[in-house]
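Student: Hey, I've just opened this one and don't know where to start. Can you walk me through it?

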Amino acid sequence: MAITQLVLLCRQGFEAETAAEIQDIATQAGCFGYCKTKSDQGWVSYVAEDHQLKQVVEHVRFRNLIFARQWFITGDVVELSPRDRVSDVLNNMEGVPHCGEIEIVHVDTNEGKELSRLCRSLTAPLAATLRKKNKLSAKRNNKIPRMMILLLDGQQALIGYHFTNNACKWPDGILHLKSPKDAPSRSTLKLEEAWHWFIPKRQWGERLSAGMRAVDLGAAPGGWTWQLVKRNMMVDAIDNGPMKGDLMETGQVTHHTEDGFRFVPSKKVHWMVCDMAESPIKVADRMAHWIVNDWCAEAIFNLKLPMKKRYQEVRACFELMEQKFEQAGIEVDMTGKHLYHDREEITCHLRRCY
Ligand SMILES: C[S@@+](CC[C@H](N)C(=O)[O-])C[C@H]1O[C@@H](n2cnc3c(N)ncnc32)[C@H](O)[C@@H]1O
């Protein structure tokens with residue numbers, strides 16, 4: 001089986017953005033392929049020559065992709081007979097190297113979710129057979145490639161692999177978080193997921209530590225502030241809307257009924273977070289202003305994307321911020337991600353490099 005495509009999983013409805021982004025980034029990496037996708041299918045195929053696809057997954061950093069949740073290289077669709085799917089996989093994995101783990105996933109659509117039981121039930125027998133044939137290491141090993149199987153339905157699959165140090169660590173690209181019962185809004189999960197995505201767990205103690213000061217722009221009813229309070233930070237919450245009562249009783253929150261675009265902290269804070277439902281360019285401009293003026297060490301914010309040309313809008317926002325940092329002569333680590341808990345929006349992270 002030759003490698004013929006790079007598969008990128010994404011949120012249903014964001015196939016065009018995922019395609020435009022990989023097309024741009026792969027071209028910059030010297031790969032000249034094209035995308036095939038259908039709207040609302042939850043994944044995109046980038047087709048190119050075998051050696052070029054391998055070059056993309058080695059040289060493009062997965063972390064730099066905003067819209068793709070997961071990726072892997074694979075051959076063409078393989079037919080699976082419901083009587084013996086294990087043998088069909090085994091007979092169609094030429095080109096897949098010796099792997100350290102195996103994941104069987106489905107796309108994140110209603111039809112895809114119906115395959116979750118089959119994914120689970122197929123994993124153990126397939127892994128056992130692959131181990132016997134020496135295609136899979138005896139023990140889980142994340143230093144060598146991970147075999148990825150995407151079930152498209154009960155009878156069709158894509159069989160491929162990726163390198164675990166350059167892919168999403170959650171196999172289907174989704175971090176499932178439990179909605180906390182006492183949080184003021186479901187939005188709370190966006191900030192929690194953003195921390196998991198942007199901050200290595202080993203650095204949480206240092207970068208999300210008790211006693212830090214934080215500003216939350218567009219804070220009401222308080223889902224993001226709740227996360228900051230839970231980590232024992234002191235928070236200035238900016239919003240004309242009301243904050244949920246319990247939060248105010250913690251004594252850690254000061255509510256300012258002001259315009260988030262005008263608020264200036266009295267002294268530098270570690271965190272500025274912003275979920276203001278406002279124009280993305282206006283938000284990007286303000287976020288860059290905070291970093292250039294050194295009002296915060298790190299920022300996490302949402303860019304709302306209700307418009308048609310979402311990818312172009314995101315590019316314009318990133319270019320504006322890049323320009324501002326260049327003019328100020330500062331280096332800033334700047335990343336964005338379409339998180340699982342994001343809908344028509346993406347989440348971004350800025351951190352000034354000193
Ligand atoms: C999506 S909600 C924020 C939800 C919040 N992050 C949470 O987890 O509960 C957006 C908020 O932005 C606020 N907002 C919009 N424009 C604003 C502005 N210019 N200044 C302050 N707040 C603003 C709105 O009042 C609204 O409460």
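Tutor: Sure. Domain bounds here come from an automatic or database domain assignment, and keep in mind that this is a predicted model.

Student: OK, so which domains does the assignment give for the protein chain?

Tutor: Domain 1 covers 5-166 and domain 2 covers 188-353.

Student: How many Å apart are the C-alpha centres of domain 1 and domain 2?

Tutor: Those C-alpha centres lie 33 Å apart. The contact takes 8 residues from domain 1 and 8 residues from domain 2.

Student: And how do the residues on the domain 1 side of that contact divide?

Tutor: On the side of domain 1 that touches domain 2, there are 4 nonpolar and 4 charged residues, with no polar ones.

Student: Switching to the sheet of 7 strands: what's the strand order?

Tutor: It goes β11-β10-β9-β12-β13-β15-β14, in an open sheet with mixed pairing. The edge strands, pairing on one side only, are β11 (253-256) and β14 (331-337). On average, neighbouring strands are turned by 15 degrees against each other, direction ignored.

Student: Do β9 and β12 run parallel or antiparallel?

Tutor: Parallel, with 4 bridges joining β9 (residues 213-217) to β12 (residues 269-274). For example, Val-215 has Met-272 in β12 as its bridge partner.

Student: Which strands does helix α6 touch?

Tutor: Helix α6 (residues 188-198) packs on the sheet against β12, β13, β14 and β15, and its direction makes about 50 degrees with that of β15.

Student: What about α11, which strands does that helix lie across?

Tutor: Helix α11 (residues 310-328) lies across β13, β14 and β15, and runs at about 170 degrees to β14.

Note on methods
Residues are numbered from 1 along each chain as its sequence is written. This is a predicted model: local features need pLDDT of at least 70, side-chain atom pairs count only at pLDDT 80 or more; totals for chains, interfaces and linings use all residues. Two strands pair if DSSP finds at least two bridges between them. Helices (H or I, at least four residues) and strands (E, at least two) are DSSP runs, numbered from the N terminus. Axes are lines fitted to C-alpha atoms, for helices over the stretch in contact, and angles run from 0 to 180 degrees between N-to-C directions. Two residues are in contact if their C-beta atoms, placed from the backbone, lie within 7 Å. Ala, Val, Leu, Ile, Met, Phe, Trp, Tyr, Cys and Pro count as nonpolar, Asp, Glu, Lys and Arg as charged, and the others, Gly among them, as polar.
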